[in-house]
Each structure stands twice: as C-alpha cells, then as structure tokens.
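Dear colleague,

I am passing on the structure below, followed by notes on what was found in it. Please read the notes with the structure open.

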Amino acid sequence: MVRTETTIDKVSILGSESIHCGFHLIPYIVQTVLSTLSSSTYVLFTDTHLAPIYLEAFESAFQAAIQDLPEEGRPRWLTQTIAPGEQSKSRETKASLEDWMLSHRCTRDTVVLALGGGVIGDLVGFVSANFMRGVRYCQIPTTLLAMVDSAVGGKTAIDTPLGKNLIGAFHQPSYVFIDASFLETLPRREFVNGMAEVVKTAAIWDEAEFAKLESGVAEIHSAVLGDSTRKTCAGRTLETRSAAQSLLLSVIRASIATKAHIVTIDEKETGLRNLVNFGHTIGHAIEAIVTPDVLHGECVAVGMVLEAEVARSLGALGNAAVGRLARCIKAHGLPISLDDPLFTKLAKSERLKVETLLDIMRVDKKNSGNVKKIVLLSRIGKTLEERATGVQDDVIARTLSPAVKVNPGPPSNTHFKLATPGSKSISNRALVLAALGNGVCKLGNLLHSDDTQVMMSALVEMKGADFTWEDNGETLVVKGTGGKLSPPLANKELYLGNAGTASRFLTTVCALVQPENGLTHTIITGNARMKQRPIGPLVDALTANGSSLEYQETVGCLPLKIAATTDGFKGGKIQLAASVSSQYVSSILLCAPYAREEVLLELTGGIVISQPYIDLTIAMMAEFGVQVERLVVDGKPSDSYRIPQGTYTNPSTYNIESDASSATYPLAMAAITGTTCTIHNIGSNSLQGDARFAKDVLEPMGCTVVQTATETTVTGPPVGQLRALGFIDMEPMTDAFLTASALAAVASLPALPERLQDAQQPTNSTRIGGIANQRVKECNRIDAMRTQLAKFGVETNELEDGIEVLGIRPDQLRTGASVHCFDDHRVAMAFSVLAACPGAHGAIIEEKRCVEKTWPSWWDDLSRKIGITISGVELSDSPVASTSQPIPRHSTDASIFILGMRGAGKTHIGKIGAAALGWPVLDADDMFLTETGETAKEYVNARGWPAFRVEETTILKKIIAEKSKGYIISLGGGVVETPENRELLKAYGHGGGPIVHIIRDIDEILAYLNSEPTRPSLGEDLRDIYVRRRPWFHELSNFEFVNLISGKPKVVKTLANGDIHGPPPISTTKGAEDEVARFFRFMTGVDTNHVNLEGSQPTYFLCLTLPLLTAPHPSLDAFDELIAGVDALELRVDLLSPDGRLPTTPTVPDVAFVATQLASLRQRSTLPIVFTVRTVSQGGMCPDEAKDAIFELMELGVKSGCEYVDLEARWSTRRMRDFVNKKQTTKIICSWHDHSGALQWESEEVVERYKTACEFGDVVKIVAKANSLLDNLAMLRFRETFKDGPPLMTMNVGPEGRLSRILSPVFGPVTHPALPASSAPGQLSFAQVQTGLHLVGRLPAKKFYLFGQPIAHSKSPLIHNTGFQTLGLPHVYGLHESATVDESIRELIRAPDFGGASVTIPHKLEIMPLLDEISSHAKLIGAVNTIIPITKDGETKLLGDNTDWLGLRELIAKGLSSENDRTDASTSLVLGAGGTCRAAVYTLHQAGFKTIYLFNRTRPNADKIVASFPAEYNIIPLTSLDEFPGELPIAVISTIPAQGTATEFCPNPDAGVFVPKSVLARAAGGVLIDVAYKPKITPLIDLAERTEGWTGVPGIQMLLEQGYKQAEFWTGRRPPKTVISDVVLTAYDRDMK
Ligand SMILES: NC(=O)c1ccc[n+]([C@@H]2O[C@H](COP(=O)([O-])OP(=O)(O)OC[C@H]3O[C@@H](n4cnc5c(N)ncnc54)[C@H](O)[C@@H]3O)[C@@H](O)[C@H]2O)c1
Ligand SMILES: [Zn+2]
C-alpha cells in the first residue's frame, strides 16, 4: 500500500487520540479506517451537496486501497446520499437509513462514515448508535460548525415535530477526521456561522486564542476563500502549508482541544460542560423565533454579546472585554445586535420582544422560576464560575430592552468617583509612544475602539511591542521595543479597516522598520472607504526625505508599500503640508526622535489645521521624555519644530485622560442631585476644551468645584438650588452644551445680574451661544434639545447661534416624559441627567444603545457607580409613546406659503399655482410696501437689517392672522433668518398649513440674479446665505418643489413648414406648468390625483426602471407609449443612478439627485407617482442598513407631493409610525416582499404581515413567490378573506406566479417592452396582462361602431383599432353606414357585446331619443358624438356625450403656456356659426374665458348662436375682424371649411372670410385651432405659424384628441396617443397627396 505523506495533528478526547486534524486527508482517512477498524462493510453517508464534490475522491481512494488487500475477504464499500438540510434530521430519514442498511445486509461489524455538516453527523451518529445496538462510526465533518462543535463530544440526535434534538444518544465516534480543506467549498455564510462557536470557545477558555481570532480575521478567512488547493493538495504536509492555513488549523484545533478537554472532564454534562453554552441561553431563545432564516451561529453571536452585557451589568465583566468580544464577533462577519438587518428584515423579528424571549428561556429545562442560567464571563478567556450562573429576569430584561427608565435621584452614592472612558486621540498617541519607548508602560483607561484595536494588531505584527491585559482588561501592559521594528512575517499586509488615525500614525512608523530575514517592506491597507481617504501630503514629505513609499492602487491613498531599509528614517529638514490633517504632523513628530539626523519639521501650505492636536502630541512626547521645541520667529511661535534625537523612556504607568465631554454627565449628575462627583484623569492641566465645563458652567450655577491638575470634583447645591446662567458662550466646548441645557432646565434661581445680557432677559434664563455647529452633528442638537425639553414642560427659544432655556423648579417638571434620542449619544446622556433630578418623575430614554459610541457602559455605570436606579423598558407601540404627532389634514382652503431663496422662482411658480387654484397671490414684499410705505430696499438702507427684520415679523404675523385662507403667499428669502419668524412658520406648518420650499439650482439663481440688478444687496456672498438658509427652508417646509422651469429661454419659433407629424409642439415648459398646477392642487388637497383603487376596473402602475431620467433614452422618447393604459407610474428610486446604468451593488442615491429626477419625470406626465425605495432584502438595491438615508428619501417622496409612497413593513413600528405621521396628502403603500418562496398565503406569518401593513398603509401590498401554480389560487383565497380591508395589492413573483399578475386587480405592477429591465421576475406588460385577462374570460371582447354617412374614409377605425391592439384589448371598431338612424342601429347598441360608438353627421341629433341619458355638455352643444354604455348593478344604460369639446379644451390647454400671459381679461374668438361652432363656444366658456367673440359671414346666424347660450357666456358677435371692442383674442377657434378662409399670405377671392394679420396681433401670442383638416395647412394655420408667439393647431389634431377621449371613456384606459397619431397622420398624409 502506498502511503500518502500527510501531516496530522492529533487531539485527545476521553483518553484517546481520536481526533485527527490536517488538510486533504481523504487518502489518510481511508488508510486509517481500513487498517485500524477492520470490517466486512464500510458505509459512507453524505448529502447531495457534498456527494458531487467529494464522493468520487473517497470512492477511488477506497477502491485503490482495497486492491492491496488479499482478494479473500475484501470489504464492501457502500455509499448512500440523502437530502441536505435540517429536515433530514427526522425519524423518517433515520428509518430509511436503517432500512437501507438492513436491505444491504449490514451487520454488527459495519463501520459507518458520516461525511457532512452537523445534520449528517447528528443523524448518522444516531443511526450508528442504534443500529444493531450500536456500530462503530467516524465523523468526517465538512462544516466549521461540525468540526469544532457537533462532531466532537459524541452527542447525536434527531428532531421531532415538538422540538429539536429531543431524541438522541451519547455515542462516541472511533475517529473524528478534521480536514480543513473541506471548508474551501463551504458557503461563506456557513463558515462564518461556525466562527461563532470558535469565538465562543476562546472567549470562555483561552485569551491567547482569542487574541489570534482578533488579529487574524483577514488571514483566517483567506485560508478558505483563496484559490482552491484541491488540485495541488497544498497544506497536506507541513512544507506545503501556507501561513494562513496554519493559522486556520491552529484556531480550529485549539477550539476542538478546549471542547475535548471540557467533555473529557464532564462527559455527560453536569456542570463544566455547560460553559460551552456561553451565548446560547439568549441565543437559543432568539433562534427559536428566527430559525431557519437566521443560522444558529448568528443567533449565538448576538447571544454572546447580550450575555456579556448581562455580565457587565452585574459588575462581573469590564467594558473593555465587552468591547473586544463584540468587535471580534463583528470582524468575522457576524451580527452583534438584533438591530442587524439579518433580523430586522424578517417579519418574525417583531416577535423578538423581551417578554417573549424570557418566556422561551423559561421553557428551557435548565432554568427555573425568575432565574435563568447564563454563562458569565469575568474576562476574555475566563468565566465567573466553572458553570452557568443563575441570573434574575429583571437583569436580563434590562439588558435586552431597547429603552431604559431612569428614576429620580438622589443617587445611593453621595460621593461617586469615576474615570470616564479614555480619549480617543490620547489613546492612539499613547500606544505609539509606549511601543516606540524603552521599558514597560502600563496604560490605564485606554479607549476600546476599532481604531486602537487595529493599531495594536499592527504594532504586534511588526514586532514593535508586546501587549498584555491586566486588571480584568482595564489596564494594557505595553512592552516597548525602543523603536526596533521588523517587517510583518511572510509579507503579510497590515489591515487597518477604516481607522484613520492608525493609518496616518503608522505610515511614518513603518518607515522606521528595518529589513529582516530577506523581508524588505511593509504594506498597510484598509477597507474600501479607507482606500479613498487622503494620505498624500504625508507620503510626499517622507518621500522627499528619502524614504521609499509606493502607492499600490490609487495615488494619494492606501494601500502603501513602505520599504524597510537599514538606513531607516533619514530626518534632517522635513517640509510637510499641514492644511489637510494635523495627524500627518503628529505622525512625523511621534517618530522624529528615531531619525538618523535631528529633525527640523517645517509646516507649509498656509493655515495649519487643528493646532491643539499638535500641541497635544508635543505635550505627550514630553511625558515620554522627548522635548520638542517650537521655533520662535519675531517673538511669535512659528510653524517650525525641532525634535531632538533620542528614545522615549516609558513611564511605568500612564493614565489616559478621560474624554472630557463624557465627564460632563457625571459632574452634572452631582450638580442636579446635590451630591459630589470626582472625575479622575481630568483636571486643570487638561488640553481638552470640555474640561472647562466644571469651572465655566457648573461653578456659576452654584456648584462647588475643586480642580487639581489631574482631577475634578464637583459638589452640587441642595436640590432645586441651581442658578440660571444668564448668558454663556460655549464655543470652546460646544459638545457640552446639551449637558448645560439639561441642567438649565431646572436652574430656576435668578442668574447673577452681571451675567444677564440685557434688562429684558428673564432671570431664570440661560442663553447658550456659540454652538451653531451643533445643528449639523449626529442630529440637529439644538432642535433635539428643544423638542425633548418641551416634553418635560421646559420652555426654550432658539437663538441665532444657540438656545435659551428657561429654568423651572424640579417639582414643576412634567411627568411621563419619554425622550427620543435621534440616535445621538449626547442626547441620551444629557437627558439621563435631567431624568435623575430628585423631586421629579424620571424619564424614559428611548434608544438606550446610542451611548455605545463613546460610553458603552453608561447605563451600568449610572446604576452601579453613581447609584441611580434604572430599569428596562420596552416601548409600547401606541401612538401616545410616539415621538411625533400626525400632521393634521388641513382644510382645502388653507393659504399656501412659498419659501425659497431670492431668485428661486417663488413669484413665477406662485402665479402658475394661483392660476390653477383660482386664488390671489400675495407678495410679502408688496405687503411690506403697503404697510410701511417703503420698499424693502429703502427700509433697509434707512434703518438697517435688524429693524427690517422686526418689521418683517410684524407683517408675517399679520399675514398669518388675516390671510390664512385662500391665498398664495410668497415670502421674502430672508424671512427664515430670525427665530421668531421660524417659530411662526413652524406653528403654521405643524398646524397643517401648506408651506412649500421652491428649490432651484444655486448656479442658475446666481446667473439669473446677475441679470437683475434692481434688488437690495445682502452684503454677503449668496452661496453662504444659501448654505445657511437651506436647512431652515427644508425644515420649515412641508412640501418642496424643484423648479426646472423658471428662467428657461423662451422657445423661439421656427416655421413649421407643413410638417405636422406628431402632436402639436409642446415645450417642456408646458409640462412643467402642468406639474405646478398638479402640485398646488395636491398640496391643498383640492385634487389629490389619487387613483380609484376600489372600483371594479383593475388598476395598474408602470414600474419605471430607468436609471436616469434627465438624459436622453429611447424609452423616454416613447414615453407616451410607455404609459399607455396604466393608472400610475412607479419610480424605483433605488434603481436611479447618475451614471445612467442600473446599479449592480447596493447603494443609496443622493437626495438632491433623486429630487431632480422626480421633477424631470413630472414634466413628462401628470400621472400619479408611486415613490418606491426598495431595499436589498425586499428585492431592491438600497442596502438594508441604510435606514436613515432611506427614510430621508421617503420623506422626499412625501414632500415632493408624490401621490403614493411605498413603505416597507420591515422597519421598527416606531419609525414607521413617525413616518406615517408626516404623510399629509400622500397615501402610503405599506409593503412586504418575500422573494424567497418561504412566505405562504395560508400561513400565520402572512396574516401578521397583513395586519402590520394595514396599521401603517392606506394601501397594503404583499408579494410572495409562487412555487407552484396553486400558490396563485391560494393568493386569490387570501384576497377573498380580506376583501373588506383597505385596497390590497398582491402578487406572486417568479414564472409560476404569472397568473397572479393577470389576476391582481389593484395596482398591478406592469413593465413595458421598451424599458431596459423589468423590476421583478415574471413581470408582464400592460398589453400582456389584458390579453391574459381576455383568455381567462375576465375581459370579454366588445364591438364598437361609427354611425353616420358617408364614413368610408373616416380615420376613426384606425384611431380605435390601433389603440385596442397596442393595449392588448380584444375589441374591434367597425363602420356602420346608414342614411338614417334606423332599426339596425337600435339593434347594435342594445346588443350585449356593444362597447360604444362614435356618431357623426347626419345622426348627431337624431340619435338622442335612442339613448337613456344625454350628458349636460351634449345637451348644451346640441350634438351627441359618442355613445357610452354604462353598466351599474347589472343594468346597462346608454349615455350620449360629446367629446369634441373635450378635444378642443385639451388643445387649448396644451397650446397656451404662461409665456402667453393669460389673464382674467383675456378674450377668445370663434370663427363661423356652423355645426362645430357650438362645441367651440362651449369649450371656450368651460376653459374660463369671460368674453367670447363670434364672427360669421352672415351676422343673423351668429346672433342665433348668441341667443341659444346663457347670457353669462358673454358672446359678442362681431361685424368685422378689423376691430375688437376689448382685448385682442388669445385663443381662436375656426369652424369654417378651409376653402372659406383667406389671409394676406393665402389670398383667395372666392373665400367668404378674410382674416387680417391684426387678429393675431396680441403681443404675448396665443393659440389658433382650425377645425378644418383639408388641406393639411389651411390659410389660418399658415397665418398662425408665421406669427411670433402663436401656436397653430390643425384640425386633424382635434379629431385625434376627441378620439382619445372616446377611447378613454369606453375602456377606462389611457390610449397610446403617439402610436395612434403616428399611424393616423401617416394615413392622413397619404390621403392628402
Ligand atoms: N451534536 C452536537 O453536539 C451538536 C452541536 C451543535 C450543532 N449540532 C447540530 O448541527 C446541525 C447544524 O450543522 P451545520 O451547521 O453543519 O449544518 P448542515 O449540516 O446543515 O450544513 C450546512 C449546509 O452546508 C452544506 N455543506 C456542508 N459542508 C459543505 C462543504 N464542505 N462544501 C459545501 N457545502 C457544504 C450542507 O449540505 C448544508 O446545506 C444542527 O442540526 C444542530 O442541531 C449538533
Ligand atoms: Zn452552538
């Protein structure tokens, strides 16, 4: 037998070395099994995932090996493959395996091999334990989880319907073969899943192993993700094994060894073995809810973090350890909290409530009563007890709860002492200094963050320092190497994640590295974001100094290859550009002592940024024994530094200064509770600005402050005795203003008189200035403080650059406050202080976890170190607890306020809006003039801006009081500058009054304003003003309108020259104006443009999947065709992309970009828009975790007046409630998508989903995937069950689900062949759906007719049949010619398949008696041209209507734009008194013309017409066209045949009517419609086309327009206008030739 050389690492368990580890072990396994477990039969069981990959190799190795055995008694080799997955761990599969073995005559001597993951291992192990009372077996685990966990220890089991692993046995395998090369084919998620157990084992047992897992993330993962080694078998022997493989095997081995050790001591699980349950008590409870969507290891990962937090809250575990654990888990790609999208995207995640989780734990046999067994860590690598510890439920509940209740003090400690977490800047510097120094330095209070973590790992890789933890991980012991560093082994790259400070500091450190063992460089790299962050100036400086640094990818960024040379860092004179980052400077300073020559560092490039940080570095270097000299030039400190050569001398201990901003909270706690607090590590020596808080804020409030160089102690006055501050400038400590505001809330004693700003300032007022920057932090903090303080009944005002708080007594604080933190740690901690105020009522802090950013153990410290009682709270989802109230729906006549920059187009847009609503426009500037008698400019020049602002406020108040209904009010751009005005507007908006912000590109504004020099100068750069005001405009408005219309050059007219293809020329300006009209009607609620989703006719929307709507695209050219038939458009926001390509990786598009896209789409169509931002887990492209950005986009949808916004039901209830509260006129489609095939229409889950969606949506949408055709029927049954609820959209995606798309009656999403992609698998076009409906019998074919004579040449059949065909409708339109309205017509219109008819001469009057009803329009016009059958309650009635006037009205609307300056006084003209004249008159009256001139060759006919219309039509008959009694007409309709008209350009002596040029002399132009359509260009059209400002509309257009209206009446569908007009006009052209 040929033995394959294999390196094996053996681990002993239960006294035998049966666990064999290595790579590529198949030959070894076969040899070992054959030679040590002799048998007549070997059986290998595996699953169908593994068989195709590995079975062949086993088979051939086995066959080869038995060839060497004597023929006599050669064993049998049998294999059997089963289905993968947990469901195979069943009694059924177990029985089938047993039967299979029996049928293959397996006997007691059989040896079974279990090749697979934990499922195979457990199942096959259990079969082996039972078969013939137990046969020998071997585990060959192929998943990481199985290798480190399930295969080791001999536990075997199967599942039953009542629970997992409930039937099983202990049965030790003869061998466990750990072949780590199997992991190369394991899906990544499964590998990561196994890492959870590896991390777990290290965390409870072995700190050194844990450290390997922390630093080796990238390497460990690369060992299984790299190129497959299956061909080369690399790793089988030690010589061929890569470093990564060795590391991987060593961590697996160590994990197994620990488990084996524990099992050996405690085989049958009595105490110690429970340790491996770390993370599992809570993890299992979570798993019970989310399985199988979330894997075991993923649940355990979160369980470990939560259980570690439980340990921390009991004081067993330090903050540092919790941080390390969480960071390590996260680094391996596992979730660390239930907020991870892995959970939140699941419907079931709603059940992850504290009570439910505790209930599940209660069922666990290990737990009893109100105590749960949890493994408590005491540090990394060690547990508190050698078993699980009983923990009270309320402790667990507090940890699990998302919110916390802080109870009123006083605290149980009257003098509490603490050190707040270390400052990040100081931590990073200290690490470098101590590593480069000589000797041992104990660093106290190091901040635990990703930054410090990567810094430490990198220093270790370069052998630059040795780190060990002491004091429970609170102290880091650094053994420095005096600046001796080596290149990382095996050229390993140093991975720095996104740690900016580390990357900058380490760049120079790497230049100190000396070559060793042929290794001559160091490479530092980072994540994708890091690879974009600048490092150029530092690299330039070092390169110029003689070091060799090479960019590996992008110039100016990481990764960097830094040469290790014996020369090291040259030194001498170094020049560095320091205007980008002070970290470059610190990097060189820190390493400068180790240069070969003394360094003279000269900073160039103008302004040096962040000098305090440079000072900090220098001060710290001094503490490590190196004095930097800042050179003085002309008696002033210069930007040059001299750094002497030397080596740092490590102080034996170095206490990292606490973060001074964090320190303000405990200090304030002493102030508010009348107790004493001492903060170590922060004193008068501190370089941090916020260190002044105690002296500058607390002392004047009445506290006693004692500050030494390194310590601060504050004692508060008796409770209720805090003094207001008057005025304080907090510019040097802006972050501390929140703490100060919280205290000011109960600072009710009068401020010291000298601190008051003026006589008007109330004595209980604290005004904090200098903090304007706090508006743009994690949230708008000034606003946050104001809204949240209001919940306590505390009054505040907003100042230009700050906030005013009016203090009240503690007992006046309101009860029941629940503080929303805006995910901002400072808000949470500041309000904890106010909540703890004795004599008040405490408060709920809603988002507990946001403190993690700077003080993860804040809540534990608050309760344990300070002594304030806190408890866990799970917020109820009732609207009462919600953070915002719904904006009330205002009445439809509330005045609209218009905000925006000067030049944004407020007046222009306001005017168009006013025309649409018929409301007057009020310009605040004009109002200013009437009120003050001066223009704004005069007023400002005479009295200055402040006086102007005061007057402005008075006028604003007046407007709000007196003009709050029925006005459009355009406000000055500066109105938002004063807090009073903002307050007024905010109140108006919150009360439901519409305030619209007009947005226009700032460059366009500038260009426009430069052309208009008459406005008052603001004395300030407009861009600066814009930057300042924009957030206010945004915040105060409840609508935003992107103005793409103002200032566009007028379309200069070119002569149409006989080519009238396509619809009349409509400028985009016109489309934009239609949108303004729609927008204004929408804002008021007068016309919300919503679709009737409750009617009997199915409704559809088109899924617009174009990535860019502002660039030309063939689909956009065919836009009209695209939207034919549909009722709305869905804008898939997540598919938008500025580069015009559909995104392929998850991204969130920029808000401003989306706003412009939307505005541009609106110019093409006024169809309702469904605004959808779809996340990855719901089938879209927005990353699931981009919660805030997604909500910002959805708010854009609401503010831009989208008729519908899609809200995925996957967010937290509170977040959804907050959003829905802001919806105003928009309807919410609450949607749930499960494309996985798991969501069943009969399941409980779908009902749960439905209920949630009903709670938040006006429309409910549920999308599942059809696995079979039957799922579509299940969907229909589901619809039937909920038919009385809100409109319900349902669908099954996938090919099997197509039927559901045909049968979905509400807002069926459709695609169109002209679009680049469909938005979901299986999507159909509108036409396909109609065809489908017809085929399944839901859309019967109808017959349509034209009645009249002669009609042979009519274009109507072409119009309608083209429309039907394009839309996929089964109908047919035909001619029915007859001289009179006879019996044949009567029969046709009463036939059951009658769909409708057009009526033409000579039947337009005669038809009337045959019909059931005549519309009022048709009556007045005196002609029916359309018959519409209307079926109601099973009975069909025939309606006679007239669409001629509708066609005419459409053409007038299209033909006129704001450029034509139509006013109330504008007039119109009708030529001719024939048949169509009545329709023309009627149209013009309906179009709002108060004067209609009528000219006819024979005056009496005209008079007859006048007499037949009501007097209010004001029809003025003319005797001549040379003179008009009033304004010249803006709209002209000629109803005279073409040969009857003549002009100076088309003279015709036979024509009865000569139209002089002067008729069209109106300066701003107008529209002329000539009803005649032979010839193509009539004399009148010719005249209009020659006249500047006029649009000529030929008669064929009217024919088309009235036809479109008919089609829409008959089918309820928007016809494909361009397709129809192309076909008809081509035919018409042919006729005319
Ligand atoms: N006995 C114990 O002590 C113990 C401990 C922990 C877990 N378990 C049990 O383990 C089971 C989970 O085990 P698991 O996580 O290994 O899941 P698994 O066995 O279902 O394997 C996961 C998936 O990966 C596939 N797969 C496995 N190895 C592969 C490879 N090398 N290449 C490609 N695909 C591969 C499998 O076919 C399967 O689809 C559970 O039933 C659990 O109860 C038992
Ligand atoms: Zn486990």
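**The zinc site**

His-280 has a relative accessibility of 5% and therefore counts as buried (buried is under 20% relative accessible area, exposed over 50%, partly exposed in between, with a 1.4 Å probe and protein chains only). This is a predicted model, in which local features need pLDDT of at least 70, side-chain atom pairs count only at pLDDT 80 or more, and totals for chains, interfaces and linings use all residues. Residues are numbered from 1 along each chain as its sequence is written, chains are lettered from A and ligands numbered from 1 in the order in which they are written, and side-chain values use heavy atoms, with hydrogens and water left out.

The zinc ion (ligand 2) has as protein donors Glu-197 (OE), His-280 (NE2) and His-296 (NE2), at 2.0 to 2.1 Å. Donors here are N, O and S atoms within 2.8 Å of the metal (3.2 Å for Na, K and Ca); water is not among the atoms, so sites may look incomplete. Along the chain, the spacing of these donors is E-x82-H-x15-H. His-280 belongs to helix α10 (residues 280-290) and His-296 to helix α11 (residues 296-313), so the pair ties together parts that are 16 residues apart in sequence. Helices (H or I, at least four residues) and strands (E, at least two) are DSSP runs, numbered from the N terminus.

**Ligand 1**

There are 24 residues around ligand 1, and Asp-47, Glu-86, Thr-142, Thr-143 and Thr-185 come nearest (near means a heavy atom within 4 Å). The side chain of Thr-142 places an N or O atom 2.7 Å from a nitrogen atom of ligand 1. From the backbone, a polar atom of Gly-118 is 2.8 Å from an oxygen atom of the ligand, and an N or O atom of Lys-155 is 3.0 Å from a nitrogen atom of ligand 1. Taken alone, ligand 1 exposes 860 Å², of which the protein buries 87% (Shrake-Rupley method, 1.4 Å probe; for residues, only the protein chains shown count as cover).

**The annotated binding site**

An unreviewed UniProt entry places a "binding site" at residues including Gly-900, Met-901 and Lys-906; positions follow the numbering used here, feature names are shortened, and annotations may be inferred rather than shown by experiment. Gly-900 sits in the loop between β38 (896-899) and α28 (906-917), and counts as buried because its relative accessibility is 0%. Beyond four places in sequence, Gly-900 contacts Lys-906, Gly-973, His-997, Ile-998 and Phe-1033 (contact means heavy atoms within 4.5 Å).

Regards

How values were computed: A polar contact is a pair of N or O atoms within 3.5 Å; within protein, one must be able to donate a hydrogen and the other to accept it, and residues adjacent in sequence count only if both atoms are side-chain atoms.
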